[in-house]
Amino acid sequence: MTRHPHRRRTRITILSVLLALMALTLGPTSSSAAETDWWNPTARPAPDSQINVTGEPFKGTNSQGEVRGFVDAHNHLMSNEAFGGRLICGKTFSEAGIADALKDCPEHYPDGSLAIFDLIINGGDGKHDPDGWPTFKDWPAYDSLTHQQNYYAWIERAWRGGQRVLVNDLVTNGVICSVYFFKDRGCDEMDSIRLQAKLTYDMQAYIDRMYGGAGKGWFRIVTDSAQARSVVQQGKLAVVLGVETSEPFGCKQILDVAQCSKADIDRGLDELHKLGVRSMFLCHKFDNALCGVRFDEHGLGTAINVGQFLSTGTFWQTEKCTGPQADNPIGDAAAPAAEAKLPEDVEVPSYSADAQCNTRGLTELGEYATRGLVKRNMMIEIDHMSVKATGQVFDILESQSYPGVLSSHSWMDLNWTERVYRLGGFVAQYMHGSEEFSAEAKRTDALREKYDVGYGFGTDMNGLGGWPAPRGADTSNPVRYPFRSADGGAVIDRQTTGKRTWDLNTDGASHYGLVPDWVEDIRLVGGQGVVNDLMRGAESYLDTWGASESHQAGVNRAAGSAVSARSSESNPFTSYAPARAVDGDAGTRWASDWSDDQWLRLDLGSTSTVKRVTLDWERAYAKAYRVEVSTDGTNWQRVWSTTTGDGGLDTAQFAGVPARYVRVQGVQRGTEWGYSLQEVGVYGS
C-alpha cells in the first residue's frame, strides 16, 4: 500500500482554514475585534484625536525581573490651571470633548496679538492663528510656550510607544500670576496645587470611563513604588505626583524675613503627602524662605529677576563660586515688558561675570523642610536650587544615607551627577534635540555603567521651556514612518489630530504624542545604547523611590558616649567640653584650643561594625583631618581623610570595620580658631 505521510497534516490544515473562515464569517468584524483589545477604549469620545500606534503595549519584566519603559521625570499636565488660569491655553481633557479642550485663550483671538507672555519670552509680536481643533495651523508647536501640549490622547500615544512612568509636577508661580494681564482666578499657590491634583484624579476617572469603569484605564496615579511596579508590569502608565512651585506653604521671604514657620512646613508637607505627592522642589525661580535658586539666563533671567524683586523686595545677589559647580550666568539681556513693572527709581542690577554663584543657600527652614521630606520618605528635587543650597542638601542626605534625590530636567550643575548616583538617586535629562541629548547621554554613560542605572528624560511640557526643533526632512537620517517602538512590539505612524498631521522631521517635538518619534530620532542619531538606557529608566526611578520608602534612620552609636579630647577651649560663661559634641543638641559644641594637632575621641562602649561618621562643624572647621577607629583604644586604623574640608555637615563613608573607639584627628584648621564640632554621629549603616 502506498503511504501518504503528509495527508493527515493536509486534512488538518484544510479543517483549520475552514474553521477560520467560519469564525471570520460568524464572528465580529475586524473593527469590532480591535475594540476588544484591552489597550483600546470601548467608549472613546467622538470626534477625538487619533493615536496612530498599532500593537499591544508590552507587559511584565525582562529576564532579570526588571520592569521596562521610559520615564518622563518632569511634566506639567495641569499647568493650564496655574498662573491665574490664562497663561497656558487649552486643557489636557474636557468632558465637553476635544473642541472644548483644544481651543485658545479668549484674548488670543482673532490673531494672537494679545499673546503677551509669548511676546515677553520669545520677542516678536506673538501673532498666530488661534484656532486649535480641528485645524491646528499654528499650535501646538515646538516653539509655542503658551498652548496645550499634553492632551490626554497625546499622552496615550506616548504610553503606547513605550513610556511607563510619568511625573506630573503640580506647578505655579504667584508672582507671575499677579503681574500677568489676564487671569480668571486668584493667585494663591497652594490653591492652584490642590486644584491641579484634583484634576489629575479627574483625568484618571475620565479615561477609566472609556475603558468600562474605575481602575480599568491605562492612566494610573500611584502613591508607592510597589503600586507603580504593578502598574508597569500590567503594561500601563504609572503617574506620580510632584510639586514645583516658588513659594510652597507660603514660604516666601520679604526683605530677607521668612513669611512661614516650621509649623507651616509640617502642615504643608502633611497635606501634600495626603494628596498623593511623593516628590518636591523646595524652591523654583525665586529665592524663598527655604533656599536660594539657580538663576535663569538671558532675557528670561532678567524677567524672573524682576519677579524676584516684586516678590521679595530684593534682586538676586551673587558671589564668586568656591568649587567646580556654578549657577547659571544671569547676564544683562533686557526684558522691557517685565522691567516696566519696576518702580521708577529701581533698575535691575548688573552682575560681575566672575561672580556666578547665588549668595543664598539652604536656610534653617529649608534644612527643616529637607529633613521633613526625608521623615516622610518623599523624594527631593535638587534642580533649580542654587549650588550652595544643593551642596547643603547633599550633606544632609549623605549624613543619613538617604537615596531619595532627583535631578529631573538638567537644572542642576552637571558636576553633581556622580554625587546623585552615589546616594542612589535618579537623573533625567531635559528634552533636548536628539543630537544634544545623545551627546550628553554618552558623556555620562560611564557613570551609569558604574552605578548600574538607567536614564530618564524630562519633557517639561507646558513648562515654558521650549522643545526640540525639526532636523529637517532632508537630513541624512530622518525618522522614517512608520517605525517600530523601542521594544519592537508596536508600529508607530505619523500622528494625526483633526485636520493636522505632525511629522517630527518637519514639525519638531510639537506635542506630547511625538515623544516616541523623538526617541526614534535619538536612536538614529545617538544609537541603540542610549535608547537601551532610557528603557531601563522605569526600573531605576522605581529603585530610587523604593529605597526612599524603605529608608530608616540609623542608630547613632555616638549619642551619649564617653568622649575625651586633647583640649577644650575655656570660657567662663559656657562649656565647650567634649561631651557637648554627642549630647544631641545642635546649639552646643565642643571647641578645641587654637592649634592644628587636636583630636576628639569617642568610646562607644562595645565593639560593633562602623560604616559612617557624620561631623557637623561650627564655623571653626577642619580643612584637613582624618577619621580613625580602634578596637582597643591603642592601635588605630585610618578609615577616611580629607584635605579639602569646607565646614558644614561632613559624612565620612567607608567599608564597614569593627570598632569600639572612633577618633577625629585634626591636621589643618580651616580658620584662625581651633576646631569646633556641634555634633558627631557614628553609624553601622
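Start by selecting P47, which sits in the loop between α2 (30–35) and β1 (53–54). Keep in mind as you click around that this is a predicted model. Now add A46 to the selection and look at the link between the two: A46 and P47 are joined by a cis peptide bond, with omega at about 0 degrees. Most peptide bonds are trans, and most residues other than glycine have a negative phi.

Stay in that loop and pick N52, which is also placed between α2 and β1. What is the sign of phi at N52? It is positive, about 65 degrees, although N52 is not a glycine.

**More backbone stops**

Next, jump to W133 and P134. The peptide bond from W133 to P134 is cis, with omega near 0 degrees. P134 belongs to the loop between α4 and α5 (152–160).

Then select S410, in the loop between β12 (405–407) and α14. S410 is a residue other than glycine with a positive phi, near 65 degrees.

**Two helices side by side: α7 and α9**

Show residues 189–210 for α7 and 262–275 for α9, and hide the rest if your view is crowded. The two axes come within 11 Å and cross at roughly 15 degrees. Angles under 35 degrees count as roughly parallel, so that is how α7 and α9 run relative to each other. As for handedness, α7 passes α9 in a left-handed crossing.

Turn on side chains to see who makes the contact. From α7, pick M190, I193, R194, A197 and Y201; from α9, pick E271, L272 and L275. Colour them by class and you should get 6 nonpolar and 2 charged residues, with no polar ones.

**A second pair: α12 and α13**

Move on to α12 (364–375) and α13 (387–399). Their axes also come within 11 Å, but here the crossing is at roughly 40 degrees. That makes α12 oblique to α13. Which hand does the crossing of α12 and α13 have? This one is right-handed.

For the contact itself, select E367, T370, R371 and V374 in α12, then V393, I396 and L397 in α13. By class, the contact of α12 with α13 has 4 nonpolar, 1 polar and 2 charged residues.

**The largest pocket**

Keep α13 on screen, as it gives the most to the lining of the largest pocket, with 7 residues. The pocket has a volume of about 1500 Å³. To find its centre, select G391, D395, R419, D646 and L649, the closest to it among the 40 lining residues. Then widen the view to the elements that give two or more residues to this lining: α12, α13, α14 (417–423), β21 (599–617), β23 (637–642) and β24 (649–669). Colouring the lining by class gives 11 nonpolar, 15 polar and 14 charged residues.

**The second largest pocket**

Which residues lie nearest the centre of the second largest pocket? Select K285, D296, L300, I304 and L464. Around them is a lining of 50 residues, and the volume of this pocket is about 1100 Å³.

Show α10 (298–312) next, together with α4 (116–122), β3 (163–172), α6 (174–179) and α11 (336–339); each supplies at least two residues of the lining. The largest share, 8 residues, comes from α10. Colour by class again, and this lining divides into 25 nonpolar, 18 polar and 7 charged residues.

**Last stop: a cavity**

How many cavities of 30 Å³ or more does a search of the whole structure find? There is 1, and the volume of the largest cavity is about 40 Å³. To see what lines it, select W590, Q598, W599, L600, W617, V664, G666, Y675 and L677. You will meet two elements from the largest pocket again: β21 and β24 give two or more residues each to the cavity lining. The largest share, 3 residues, comes from β21. In this lining you will find 7 nonpolar and 2 polar residues, and no charged ones.

Note on methods
Residues numbered from 1 in each chain as written. Predicted model: local features only at pLDDT ≥ 70, side-chain atom pairs only at ≥ 80, totals over all residues. Heavy atoms only, no water. 1 Å grid on protein atoms, 1.4 Å probe; cavity = no way out; pocket = protein on both sides within 12 Å on 5 of 7 lines; lining within 4 Å. Points joined across faces, edges and corners; volume = space filled by probe spheres on them. Helix = DSSP H or I, 4+ residues; strand = E, 2+ residues; numbered from the N terminus. Nonpolar A, V, L, I, M, F, W, Y, C, P; charged D, E, K, R; others polar. Axes fitted to C-alpha atoms, helices over the stretch in contact; angles between N-to-C directions. Parallel < 35°, antiparallel > 145°, perpendicular 65-115°, else oblique. Left-handed = near helix turned anticlockwise from the far one by under 90°. Contact = heavy atoms within 4.5 Å.
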